[in-house]
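Visitor: Please take a close look at one part of this protein, its main nonpolar core. Then place it in the wider fold.

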Amino acid sequence: MKLLVAAALILASGAAGAAERAYAVMSLIGDGVMLVQHRPTAGSSLSDRTRQFVPFDERIFDRGALRAMQAGIHHADPDAKVILLAGRDAQALAAEKDGLGQPTLAQSVADALRGRLPQVGATHLVLLLKARDAAPLPRTGGNVDAGELEGIGFYVDPTLVTRLDEASPAALGYFAPYAYFTLALVDLATGKVVAQKRVHAANPYEAARSNALRPWESLGPDEKVRALQALLDDQAESAATALVGSR
């Protein structure tokens, strides 16, 4: 009988511990969109890619990503409390900018936020941060060398030859909304990053698969934003489930 009581107490204690886990969630990815375009450079010393950062002040990307991460966390831990932090911390943004592309990025941002987070009863912090990597983008039958990409944005190559298969006619043009980010889990008791999930995702539009003469014009401005937001939300939700489920 004593063993049964002891076992019941252990199980109850474990359940209570799981129920007490609470996640504050913050996104630092949506302050703007990067537009990267390939250009022919034969006989030129110029870079073969132009880069333009387009600021976004409305926070539509961050808000959508926060809700997606909340859903993802609940997939892994249905009883978890999730607190969405909508503000932008200037020191955290500066730490992200300075550490972008470095393996210590997540810890640097966590350190910058130490003592600056609102007291919301969270045991853990989930951070959505930009990543900078030279990961290839997908295309029919292979990959596209897009060089180094970061955060969220669009890669455009109006000169890339695409075709559905070897028997199909060739067509010119390619663009892809992309999301390159790191999701980090911080133990707020220690301030240490205890888990990370790196994501490189893209949804390509190719001339060979489009009725538009130029793939970039196959979507209007609002449609491009929605396509990028849908990609980010889907990937953030899946990554949050994997991150929390790993602990």
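Guide: What follows starts with the core and moves outward.

This is a predicted model, in which local features need pLDDT of at least 70, side-chain atom pairs count only at pLDDT 80 or more, and totals for chains, interfaces and linings use all residues. Residues are numbered from 1 along each chain as its sequence is written, and side-chain values use heavy atoms, with hydrogens and water left out.

The largest nonpolar core holds 37 residues. A nonpolar core here is a set of buried Ala, Val, Leu, Ile, Met, Phe, Trp, Tyr and Cys residues joined through side-chain atoms within 4.5 Å. Buried means under 20% relative accessible area, exposed over 50%, partly exposed in between (1.4 Å probe, protein chains only). M69, I73, V126 and L232 have the most contacts inside this core. Two or more residues each come from β1 (22-27), α2 (60-76), β5 (124-130), β9 (149-162), β10 (171-187), β11 (192-202) and α5 (221-245). The top contributor is α5, with ten residues. Helices (H or I, at least four residues) and strands (E, at least two) are DSSP runs, numbered from the N terminus.

Take L232. Beyond residues up to four places away in sequence, L232 touches I29, F61, A65, L128, I152, A179 and F181. Contact means heavy atoms within 4.5 Å. Apart from the largest core lies another, of 22 residues, including I83, L105, A106 and L113.

Strand β9 also carries E150. E150 counts as buried because its relative accessibility is 19%. With neighbours within four places in sequence left aside, E150 contacts M34, L100, A131, R132 and Y178.

Now a helix pair. The axes of α3 (residues 90-99) and α4 (residues 105-113) come within 8 Å and cross at roughly 160 degrees. Axes are lines fitted to C-alpha atoms, for helices over the stretch in contact, and angles run from 0 to 180 degrees between N-to-C directions. So α3 and α4 are roughly antiparallel, a label for angles over 145 degrees. The contact uses Q91, A92, A95, E96 and G99 of α3, and L105, S108, V109, A112 and L113 of α4.

Last, the whole protein. There are five helices and twelve strands. Buried residues make up 44% of the 247 residues. Of the contacts with a separation of 6 or more, 69% join residues 24 or more positions apart.

Note on methods: Parallel < 35°, antiparallel > 145°, perpendicular 65-115°, else oblique.
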